[in-house]
Amino acid sequence: MIIGKQKPFEEIWDMIKNFKKVLVFGCNTCVAICHAGGGKEAEILASMLRMRASLEGVEIEVKHAAIERHCEPEFFEPVMDNVRTSDMVLSLACGVGVNFLSERIGNIPVYPGINTEFYGAVPKAGIFTELCAGCGDCILHLTGGICPIARCAKSLMNGPCGGTNNGKCEISQDVDCAWYLILERMKKLGILEKMFEIQPLRDWSTGMYGGPRRIILDHIEEVEAQEERKGS
Amino acid sequence: MNEKISSIKKGSVLVVGGGIGGMQAALDLADSEFKVHMVQKDPSIGGTMVMLDKTFPTGDCSMCMISPKMVEVGRHLNIDIHLLAEVVSVEGEPGDFKVKIKIAPRYVAPDKCTGCGDCETKCPKKVSSEFEQGLSVRKAIYSLFPQAVPNTRVIDKDNCLYFKKGRCRLCEKACKAGAINYKDKGKEIELHVGAIILCPGLDRYDAKVRGEFGLGRWKNVVTAIQFERILSASGPYKGEIKRPIDGRHPKRVAWIQCVGSRDSHNANPWCSSVCCMYATKQAIIAREHDSEIEPTIFFMEMRSFGKDFDKYVERAKTEYGVRYKRAMISAVREEPGTGDLLLRYAAEDGKLIDEIFDLVVLSVGLEPHKDSVEFAKTFGIETNSYRFAKTFPLKPVQTTRKGIYVTGTYHGPKDIPETVMQGSAVAGEVMALLGEARGTETVAKEFPPEKDLTGEEPRIGVLVCHCGTNIASTVEVEKVVETVKDLPGVVYATNTLYACSQDSQEMLKKIVREMNLNRVVVASCTPRTHEPLFQETIRDAGLNKYLFDLADIREQCSWCHMGHKEEATKKAIKIVKMAIAKARLLEPLKTDTVEVTPAAMVIGGGIAGMTTALSLADQGFHVSIVEREKELGGLLRNLYRTLEGNDVQEFLKARIEQVLSHERIRVYSDAEVKKTGGFVGNFETTLTNGNVIKHGVIVLATGGVEYQPTEYFYNESDRVITQRELEEKLVSGENPRSGEQYVMIQCVGSREEPNQYCSRICCLDAIKNAVTLKEKNPKAQIFILYRDIRTYGLREDYYRKARDIGVFFVRYEVDKKPVVEKIGDKLGIKTRDYMLNKELILNADWLVLSTGLRPHPKTETVGEMYKVTRNPDGYFLEAHVKLRPVDFPGEGIFVAGLAHAPKNLDETISQALAAAGRAGVVLSKENLAVSGIVAKHRKDLCMSCLSCFRVCPFDSPYIDEEGKVAHNEIKCHGCGICAGICPAKAFQVNSFRDDQILAMIDAAVECEPVIK
């Protein structure tokens, strides 16, 4: 799941304060589950912004809305007319949603209300942890299911480094050393010897170092294209 | 309730005493279909707990906890409270006692008095207040304290001007309800009850006897109970800590411990059990009120033996800067002219020190009432030599007369949770005794059918109360009525002198019928006490009880804005408008019921589990005991004698025999719980041996284990043994030789990180074994190296006995532990003697380690299975450390024994009986009613994010067969945490829905609805 965190209120206020009609626009998928940008947060934030505006003595109409997902165009269709009545949209979706809406909304600015943080899990209510980096070339089968790309501060392929310290990483006592976890996990799985296999240099271009990525599922894309051809 | 077997046993119980222990027993019994008569000699119930400010170790407000309980007792259909009453005679047998009760005149008719207090305002006579411990005054007509239950006033005849001089009668004039009756003569009544519970409570030691402390002479010397009142926000100083002499804020405050306790020469020989903790609490709370205060506690031994108590004392030291000084104060003197107090004490090295304090608090001990021997005679029971009721270690709540039980401080000094626990324990005992008579004397209320409101617009009736002059002198009641009567939906509005009086209820019913009302708002006092009354009234008029809202314009308006009539009236109008706005949106709610399987499952076949099982089986319920070992008995199999000398193995054998032969108990040994499901009243459990059990309640009695030491060469020398091993040796006939030296070290593996808790049993074990050794051979030498000897309560006798017969006690500090080395087949032990101020070297033949207790390793998995939390030490955490000591937040699950915390055998038995009492309340019902105020879950909105599932304290959201979140409303308490956290707003709590709350906010701020 994509984990986001609402931006500081002051930063948000600075973004919207010079507009007259603002829509706080929530997304009811990932960011709703992490209590950052769902319909409920949109409602609360809109209310706080209205209060701030009246405290500052400025007239801003702040509305709120939310849709199921901001990353597929069909969900926008029923609300787009309403969205276009604003002169600014504060999107509480992840960065994907902000991009996606910006491309479709014409000359109305779309600003981010949350910081998109990482792909994470929710081990306990209110706690979110980063476990995957979306690198495009998964090696978890080599590392006992524990990802050194996301969880090692140096993304080492052959670890641990000299900074490992009683199971913790040198950057902070609150961060586990991923390679320590990998070692313990491999011991448990009885494949400790795999630790000694040297991993070759990695091709980082599968990740975002290789530029923006795109995936096309030919069999589905083809069906879509046929449908379109028939229609035209 | 219609298939009761007729019985000669009475289905009613007499509870003598209305303190927290009596209230618990009364509620448990009345809730499980017994009629209860509560006899209380004060004009209100409440006892000692109502006087306390906060409680240790959680810092919860005492009154806030007990007040709802008092209200519950006061309102209970099957509890009759007889106040100003004393029992004069008891005849008959268990199951059928004839009791005569004398009720003193109150001079105020309870059926007319509404508790408004107008009489009190007018009464000219001021009397020193007993409740405020003489620190302020009350009137001659009064109620004991503002939250008194019942709130009927009483005339103190000895101080009333009319009774003394024949003139005044101002109260009679002031009372608009006509409740004053100077001719009241009191009465005598006779009751037939099946059992009697004695909980008369305590007196406090009169510290004036110890003249050297200057109580009564030096004004800045106060007793601990006076200091409770000083701390209390509703007390004489409104929570401001001031010196009685000059009202100045004290800086240096001293507590003197053991005043009247542990002193067989001048005072009471026993330990009062609670003073170490209450002094620590008072020091902490004092610091919280005023950070300038520097608290010092002068103590002999720190007896913080209860669950999480040691941690509390540690926090007092480290976080609050409380100074603990181990010293006995010989005298307190006042510095002339200043009111300051000079304390003289001997430091550890024997040097005399004089120190000045601004205020001195005497930690006075507890004792039985002065007349407790006479009291015992009335009931035909025996007392012990200290005037406490005589009981037996293995039958801790039974008196010497069958059918008469004892709970609370009449049994011995104890704190609130243990009193509450015993309250439930006696209830359990009575249920077992009178089981078949359940429901024979109770009554249930019948209501007319509910009106169907389908398609009806809101028709709201508003009743605004004057509360005598309580509200009307500050709020313009007529103006409130005038303002709200034309609001949308309101069809009728009026004012009344007392909304809660009996005639007002009749009037309310009449209006509902005549005006065809379908919602009612009463603007009066707090919903805490009065909402159920009005709900019942409208229900009687055929309305669903949830079509009611109460606007509190007394506690939250007139009382706090006295003298500001205009503003108070404005605020009252807003409060009423808010209630009306909500009432428009109220809907009738269904109160579902679920059937109860009248059977229990007990996990753990130790003494706790067996005791609970036997009590429940005697109450008439089927019980399954699940024990992972092959045999029953648990840890008790290793114990041979109690401190008092009872044969434990014989007792255990008899218990196991009783369990195995009981027709309603089935034992599954060598088995564990594999799978659990269901909810209160309807659990289903699959065991590892394949058996499936259906049951209505679960009792977790998973026990504990003894710590296996690694310290002091335990694994390396057969001369180093544990207390348990020594006990076994002594039982098997081994006798100590003359001159043979035994050294015992206390607190091995206890009371230091990571096990910062007292195991409670080890001091008693050490003393028990030391006394046995000395009795077998007086020439054996015994040294007990200790940190604090914790022979709390009446157990102090055995500590004194040990010292008298020549057992040596040498104290050590945790940072200077004894050092042991092996010298041949002997052991050299070096420790510091603080009396001699020298190093002491002992050559021990035997080193005996007093090792504590640990939670059973299974506690963790069992805890996870039932979603019950554990404290940092791994013991199960009860629902509330003071008032719900054997319950869990999730209903229908109870705890007993070592699984809860370390405790002694008698305490384990008490707690096990308490669990049986609490479980009996659930099992005695054919159906459990579910409150209408529950959270409603909308699956279509739900994203199954699990936030609710994870935060719900009652485990009511669950993951269903489709892998989605669903909600079990039967488990729901309507607390609203889920509604708060749900990111999808899929939860709405009935009667507290978002639209209802928003309507109230809109009514309060009177702005347009928000732009959608």
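This is a guided tour of selections in a predicted two-chain model, stop by stop.

Residues are numbered from 1 along each chain as its sequence is written, while chains are lettered from A and ligands numbered from 1 in the order in which they are written. Because the model is predicted, local features need pLDDT of at least 70 and side-chain atom pairs count only at pLDDT 80 or more, whereas totals for chains, interfaces and linings use all residues.

**Stop 1: the interface.** Select the contact of chain A with chain B, to which each chain gives nine residues. Two residues are in contact if their C-beta atoms, placed from the backbone, lie within 7 Å. On the chain B side there are six nonpolar, one polar and two charged residues. Here Ala, Val, Leu, Ile, Met, Phe, Trp, Tyr, Cys and Pro count as nonpolar, Asp, Glu, Lys and Arg as charged, and the others, Gly among them, as polar.

**Stop 2: Gly113(A).** Select Gly113(A), in the loop between strand 5 (110-112) and strand 6 (114-124) of chain A. Strands (E, at least two residues) and helices (H or I, at least four) are DSSP runs, numbered from the N terminus. Gly113(A) counts as buried because it has 27 C-beta neighbours inside 10 Å; the cut-off for buried is 20 or more other C-beta atoms within 10 Å, with C-beta atoms placed from the backbone. Leaving out residues up to four places away in sequence, Gly113(A) touches nine residues' worth of selections, including Gln6(A), Val24(A), Leu45(A) and Leu92(A). Add Ala36(A): it is 77 residues from Gly113(A) in sequence, with 9.1 Å between the C-alpha atoms.

**Stop 3: helix 6 of chain B.** Select residues 224-231 of chain B; seven of these eight residues are buried, so the helix is largely enclosed by the rest of the structure. Among the buried ones are Phe227(B), Arg229(B) and Leu231(B). They pack against strand 13 (221-223), helix 7 (275-289) and strand 20 (359-364) of chain B.

**Stop 4: a β-α-β unit.** Select strand 23 (460-465) and strand 24 (490-496) of chain B, which run parallel and are joined by six bridges. Strands pair if DSSP finds at least two bridges between them. Ile460(B) stands opposite Val490(B). With helix 11 (477-484) of chain B, the two strands make a right-handed unit: with the strands pointing away from the viewer, the path from the first strand over the helix to the second runs clockwise.

**Stop 5: an open sheet.** Finish with the three-stranded antiparallel sheet of chain B, order 31-32-33. Strand 31 (673-679) and strand 33 (692-695) are its edges. Four bridges link strand 32 (682-687) to strand 33, and Thr686(B) has Val692(B) as bridge partner.

Technical notes
A residue is buried if 20 or more other C-beta atoms lie within 10 Å of its own, exposed if 12 or fewer, and partly exposed in between; C-beta atoms are placed from the backbone.
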